[in-house]
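Here is a friendly walk through a two-chain model. Have the sequence and the 3D view open as you read.

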Amino acid sequence: MGAVRLPGFAPLMLAVVVGAIGVLIVAPLAVVFIVAFSKGVPAYVAALKDPDAQAAIGLTLLVASISVPLNAVFGLAAAWSIAKFEFPGRRVLLAIIDLPFSMSPVVSGLVWVLLFGAQGWFGPFLADHDIKIIFDTSGIVLATITVTLPFVARELIPLMQDQGSDEEAAAVTLGAGGFTVFRKVTLPNVKWALLYGVLLCNARAMGEFGAVSVVSGKVSGLSNTLPLHIEALYNDFDFVGAFSAASLLAGLGLVTLVIKTVLEWRYSGELSAGRRR
Amino acid sequence: MSSPLADDADITDDAGALQIRGISKSFGRYPALHDVSFAAAEREFIALLGPSGSGKTTLLRVLAGLETPDAGEVRFGGEDFLAIPARRRRAGMVFQHYALFRHMTVEANIAFGLKVRPGKDRPASAEIKRRVADLLSLVQLEGLGKRYPAQLSGGQRQRVALARALAIEPRLLLLDEPFGALDAQVRRDLRRWLREVHDRAGVTTVFVTHDQEEALDLADRVAILKDGELIQLGTPQQLYDDPKNAFVYDFLGPACQLPGVVDAGRLRIADWETAAPADAPSGEVDVYFRPDEVEFTPADGAGLAAQVRGALTRGAELRIDCLVEGRTLELHARAASAPAGVAVGMGVRFAPTRFKLYPRGSE
């Protein structure tokens, strides 16, 4: 778009936007770091070295390292089949993938409790076979996957639809087999969008609170992820501890933002098709 | 519909001979191809010509193995072609929008078909390099091997697509509107060049286009399709001399049409009469003639009476809009043979020197 003359009230609108961003986003973010370091660096380091904090960090990394790759695989498969093929129910599938975006995360957690909780449908069966899902890491992983399900697929689908399947068809006529076509043509064409989706998915997976809080037993040092750990410390009036842990998540958010911006700037044409126009 | 295979009887199981019999294909309730049959000899250059929606691209994709027909048979070099999966057909295809691999360089695009071969059939990398260099020079793109498709012009991309298809030493070359996205001058240059490449490579080629000039210029024989059916197949000369019906006549070039009546060996159009050809249908007919196949006669002589509505000079040619029998026809005359002092409102007479008659309202 060319330079458009701003109307007279534009400075006022701009002031409102900048003010809102300042008060609602920048100031709270600054507060996180100010409180985290309010008793000095040693207290900050000590709060993060606390065994419960270490356990929460470890659990969060573990959950993300399981759920993000699974979601990347799911997202690729879903986007590939939805974007490149016509089949009955395609539109329904496309709509359902978005459901976690429009549904409260608490519900995403609750459905697993209803299924696998002690009073749930499969509760007695699981108890008989000594399998623990709810109040266990596997429950947290399940809830996280549910909540972050659309992230990768949503990045890939518009791009793959825009690219069509002519290149794949060309590769086949040139003698390439199905897997070669996927590895040498389909995947390289979406690699930056895939990375972008994985990044967003990871940030959400590590920061998820609602769904995880329903399925986690919230045992400090055992089944608390970072967001749950922060809540526990805050409820115990341990502000330095809470905000030190929160600074990690805030830092993750900032790093994600930087990489995301670099990707958008450098590979805008190879990210989502819609974003380009 | 009568079989267009009459002159194909001698096309047999030669290595590069293609036989298509009774191919039908529907997409849902939409029939794309209906009982299409024809044959192409080894090294022949066939154009599939038709308006959009005529099924020509679907037929090409059937040959490539990208679509499976509902019925029919395709034999190539005596083999059942439909039983061979697309990747093993060695049918080099050039797509309408080229479908170059956007993340690969020109060289990598051309080498793709060789590099994906299984180990024992894959040429050594030095050999692949040499073949890519040869192909780059064949398509006149030396020095552009390291570029990416986005850095090339439309004509250059088209040539990369052709080089990529030729790299696999195809047994059959399939081209889907390869010049569709290019401007007129580039199209004409590439057309001549493509024919040269075909003659040198000696590959049976099927070429899809909606541009009749392109088809008639390039192909050994042209197959005209409409609504999924093969209407006529013949050499450009055969088609031009004897279009099977009004659709083919119309499609092959600018056409003028007037109503006439054939009776007792005479053709009458308005107040003008001439001998009807021996094979003319009798009764009410549509008379078709080309705008440049007319002869102007003196205003008091024999011929169709017309009133000049406008005139335009194009080089050595004069284009005259005439009102004849309530229709406006654009007639072409060489400036030298045009009636003297053509002016709007003037009365002239003309007679078609060559014409075709089709039963009224038929297609």
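Let's begin at a turn in the chain: B:Ala270 sits in the loop between strand 12 (266-269) and strand 13 (272-275) of chain B. Helices and strands here are DSSP runs (H or I over at least four residues for helices, E over at least two for strands), numbered from the N terminus. Before going on, a word on the source: this is a predicted model, in which local features need pLDDT of at least 70 and side-chain atom pairs count only at pLDDT 80 or more, while totals for chains, interfaces and linings use all residues. Residues are numbered from 1 along each chain as its sequence is written, and chains are lettered from A and ligands numbered from 1 in the order in which they are written.

**Three loop residues**

Back to B:Ala270, which has a positive phi of about 50 degrees although it is not a glycine. Most residues other than glycine have a negative phi. A:Phe237 also breaks that habit, with a positive phi of about 60 degrees. Its place is in the loop between helix 13 (226-235) and helix 14 (239-267) of chain A. A third loop residue, B:Val139, lies between helix 3 (125-138) and helix 4 (154-167) of chain B.

How enclosed is each one? A residue is called buried if 20 or more other C-beta atoms lie within 10 Å of its own, exposed if 12 or fewer do, and partly exposed in between, with C-beta atoms placed from the backbone.

| Residue | Other C-beta atoms within 10 Å | Class |
|---|---|---|
| B:Val139 | 22 atoms | buried |
| B:Ala270 | 14 atoms | partly exposed |
| A:Phe237 | 8 atoms | exposed |

What does B:Val139 touch, leaving aside its neighbours within four places in sequence? Its contacts are B:Arg159, B:Val160, B:Leu162 and B:Ala163. A contact means that the C-beta atoms of two residues, placed from the backbone, lie within 7 Å.

**Chain B and its sheet**

Stepping back, chain B has eight helices and 20 strands. Its C-alpha trace spans about 80 × 45 × 35 Å along the principal axes. Of its 363 residues, 39% count as buried. Among contacts in chain B with a separation of 6 or more, 67% are between residues 24 or more positions apart.

Now look for an open sheet of six strands in chain B, with the order 6-7-8-3-9-10 and mixed pairing. Its edges are strand 6 and strand 10 (229-234), each of which pairs on one side only. From one strand to the next, the twist averages 20 degrees. Strands count as paired if DSSP finds at least two bridges between them. Strand 3 (residues 45-49) and strand 8 (residues 204-209) of chain B pair in the parallel sense over five bridges. There, B:Leu48 stands opposite B:Val208 in strand 8.

Helix 1 of chain B lies across strands 3, 6, 7, 8 and 9 of chain B, running at about 150 degrees to strand 7. For that angle, axes are lines fitted to C-alpha atoms (for helices, over the stretch in contact), and angles run from 0 to 180 degrees between N-to-C directions. Nine of the nine residues of helix 1 (residues 56-64) are buried, so this helix is largely enclosed by the rest of the structure. Right after helix 1 comes B:Gly65, whose phi is positive, near 90 degrees.

**The cores**

A nonpolar core is a set of buried Ala, Val, Leu, Ile, Met, Phe, Trp, Tyr and Cys residues joined through C-beta atoms within 7 Å. The largest one has 103 residues, and B:Leu48 and B:Phe207 are among those with the most contacts inside it. Helix 4 of chain B gives the largest share of this core, seven residues. A second, separate core of 54 residues includes A:Val68 and A:Phe151.

**Where the chains meet**

How many residues does each chain bring to the contact? Chain B brings 19 and chain A brings 15. On the chain B side, strand 6 (91-94) and helix 2 (106-115) are the elements that give two or more residues. Strand 6 of chain B gives the largest share there, three residues.
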